[in-house]
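Below are my notes on this entry, set out as numbered points. Please read them with the structure open.

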Amino acid sequence: MARRCVVIGSGLGGLSCALVLAMNGYKVTVLEQGNQAGGCLQCFTRKGVKFETGMHFVGSAAEGEVLYKLLKYLGIESDIELQRLDPDGYEIISINGDRFPYASGVGPFIERMSSYFPSEKDNLANYWQCVKKVSKASSLNSFVSSGYAVDTEYQTRSIDEVISSIIKDPLLRDVLVGSLPLYTAERGRTPFSRHAFIMDFYNRSAFRIVGGSDCIANAIIRRIDSFGGEVLTKKRAVKIVCDSAKATGVLAEDGSLYEADVVISAIHPVRTLELVESKLIRPAFRERISNIRNTPAVFSLYLHFKKGRIPYMNHNFYSYKNCSPWDCHKYQPGEWPASYLYMHSCHTADPKFAECGTVLAFMSIEELARWSDTTIGRRGDEYMEFKAQKATALLHALESDFPGITSCIENYYTSTPLTYRDYTGTVDGSIYGVVQDITAGPAGRVPHKTKIPNLLLSGQNINSHGIMGVLVGTIVTCSELLSPEKIYKQMEEASR
Ligand SMILES: Cc1cc2nc3c(=O)[nH]c(=O)nc-3n(C[C@H](O)[C@H](O)[C@H](O)COP(=O)(O)OP(=O)(O)OC[C@H]3O[C@@H](n4cnc5c(N)ncnc54)[C@H](O)[C@@H]3O)c2cc1C
């Protein structure tokens, strides 16, 4: 009889684990608390316009590249239409009004960037050499290249330390971490490997997902379905049922019990531990996991543009005013927003005009303390007023970089860290889950295995966030059940 696996959480982590196991003969059931599956891949529609809430763009997805191979392994590569971002500048970093593009490919990146910083040309080449070396050896890439080598040096040296040792100009140092909202780093704490991987991943090729990020979730769900698995929404897991030796199933809030030979929890690890009463999980482990800090949260502004008014912007735009990318999440309330990230969504292939865009700005959950006990849709008028004030401040900042833009907005919508907290179960609305912190050592890592032998963890907290980080985490978790050799062989076969 097929082994039964119950997966908690239908974000990319939960869905992809379920699919890999379903492809390998498991009978899988995914339990999702929300009305919609997908977690951070979810979209919402207002007045006929669709907005992405989490994932906005992906990298290394050109044929033969690492993400493409993973999507092919999952059998969904042809279900996802991608629109390439401008190779001459897929990211634009604006610091106090001066704009610096990231060009695609190492050679073009160095050429374009050194036109602003001519004396740093050789240093930029050294920087890229370092990025390439690290990202090639990182666990994220090695699964789909040649072996399992891990570069420990750059997992223990911080981003700022490594960049300062290579680049002399302080402005260029800031420009190179200008896309920092993609990985929320901290000075002296975040390993250089995290920066290197993201820089390399998007520099190879960067794409938006035509039609929205929920296309990825929907494609995976169709595949799970084709293998006889099921993804159930409105099924909040409230308990991982255990006997003295192992997990035996998962209890949902509505009273239904899903028996399991294996349970995979792909939600925040603190939330997972709240579901387990077993003595096999020691208090020291609970404490260690609850002490791991989380990445900051964001306020999101979703813009619906008037028809034919805003040309489609084929890059992402990061703005910093009187602040370094490093410090943008540490703001004084009166100075908000010191920075923001602005992107357009891609509704059709090759759009001429944008239908909608998203603006993200870091926000501390402490600003929302007085509503922390409220739930979605029931937070009251003062909360609505707070959101309106923040939207006005963010629109003001956007207008100063893009004069006239506010007159082209038909409608806008907003979400706060509380929205993310309540939709995805992430602690304090944290954008990418737990931090990676070199000063915390092994105590700062979330393992994919637990002392309950058939309870595994997956999702963005066990390896890294983002499409690649989560999918590699899926392979790590599923390898525990299927063996890494088997999965690696299957990936090789799929990529032929
Ligand atoms: C604003 C934002 C922008 C981003 N942009 C990008 C980007 O451009 N590119 C990129 O690659 N990545 C991006 N990311 C990161 C990426 O989206 C995430 O790392 C990834 O999608 C996380 O997947 P996950 O499965 O680990 O968790 P999640 O997507 O958070 O999924 C967890 C799921 O578990 C469910 N759940 C929680 N508790 C329970 C329970 N008790 N019972 C049942 N279900 C439960 C939640 O409802 C949720 O659906 C972004 C993230 C955010 C927030």
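1. The coordinates are a predicted model. By class, the shell around the ligand consists of 17 nonpolar, 17 polar and 3 charged residues.

2. In total, 37 residues surround the ligand, and the closest are Gly 9, Gly 11, Gly 39, Gly 425 and Gly 459. Three elements give two or more residues to this shell: α1 (12–23), β5 (57–59) and α15 (466–482).

3. The domain assignment of the protein chain gives two entries. Domain 1 is made of the segments 4–39 + 212–293 + 437–495, and domain 2 covers 104–205. Their C-alpha centres lie 30 Å apart.

4. Nonpolar side chains in soluble globular proteins tend to be buried together. The largest nonpolar core here has 142 residues, and the members that touch the most others are Val 7, Ala 18 and Leu 21. Both domain 1 and domain 2 contribute at least three residues to this core.

5. Which residues does Val 7 touch, leaving out those up to four places away in sequence? They are Gly 14, Cys 17, Ala 18, Val 28, Val 30, Ile 264 and Ala 266. Ala 18 thus appears among the contacts of Val 7 and is also one of the core members with the most contacts.

6. Helix α10 (residues 214–226) has 13 residues, which at 1.5 Å a residue should span 18 Å; the end C-alpha atoms are 18 Å apart, so the two values agree. Its buried residues are Asp 214, Ile 216, Ala 217, Ile 220, Ile 221, Arg 223 and Ile 224. Note that a charged residue type occurs in that list, as with Asp 214 and Arg 223.

7. The cover over the buried residues of α10 includes helices α1 and α2 (66–74), together with strands β2 (27–31), β3 (43–46), β9 (206–209) and β10 (230–232). Just after α10, Gly 228 adopts a positive phi of about 85 degrees.

8. Helix α4 (residues 121–137) has 17 residues and reaches 25 Å from its first C-alpha to its last, close to the 24 Å expected at 1.5 Å a residue. Buried in α4 are Leu 124, Tyr 127, Trp 128, Val 131, Val 134, Ser 135 and Ala 137.

9. Is Gly 441 buried or exposed? Gly 441 sits in the loop between α14 (417–424) and β20 (455–457). It has 9 C-beta neighbours inside 10 Å and therefore counts as exposed, the cut-off being 12 or fewer. The C-alpha atoms of Gly 441 and Thr 156 are separated by 8.7 Å, although the two residues are 285 residues apart along the chain.

Terms used:
Residues are numbered from 1 along each chain as its sequence is written. This is a predicted model: local features need pLDDT of at least 70, side-chain atom pairs count only at pLDDT 80 or more; totals for chains, interfaces and linings use all residues. A residue is near a molecule or strand if its C-beta atom, placed from the backbone, lies within 6 Å of it. Helices (H or I, at least four residues) and strands (E, at least two) are DSSP runs, numbered from the N terminus. A nonpolar core is a set of buried Ala, Val, Leu, Ile, Met, Phe, Trp, Tyr and Cys residues joined through C-beta atoms within 7 Å. A residue is buried if 20 or more other C-beta atoms lie within 10 Å of its own, exposed if 12 or fewer, and partly exposed in between; C-beta atoms are placed from the backbone. Domain bounds come from an automatic or database domain assignment. Two residues are in contact if their C-beta atoms, placed from the backbone, lie within 7 Å. The expected span of a helix is 1.5 Å times one less than its number of residues.
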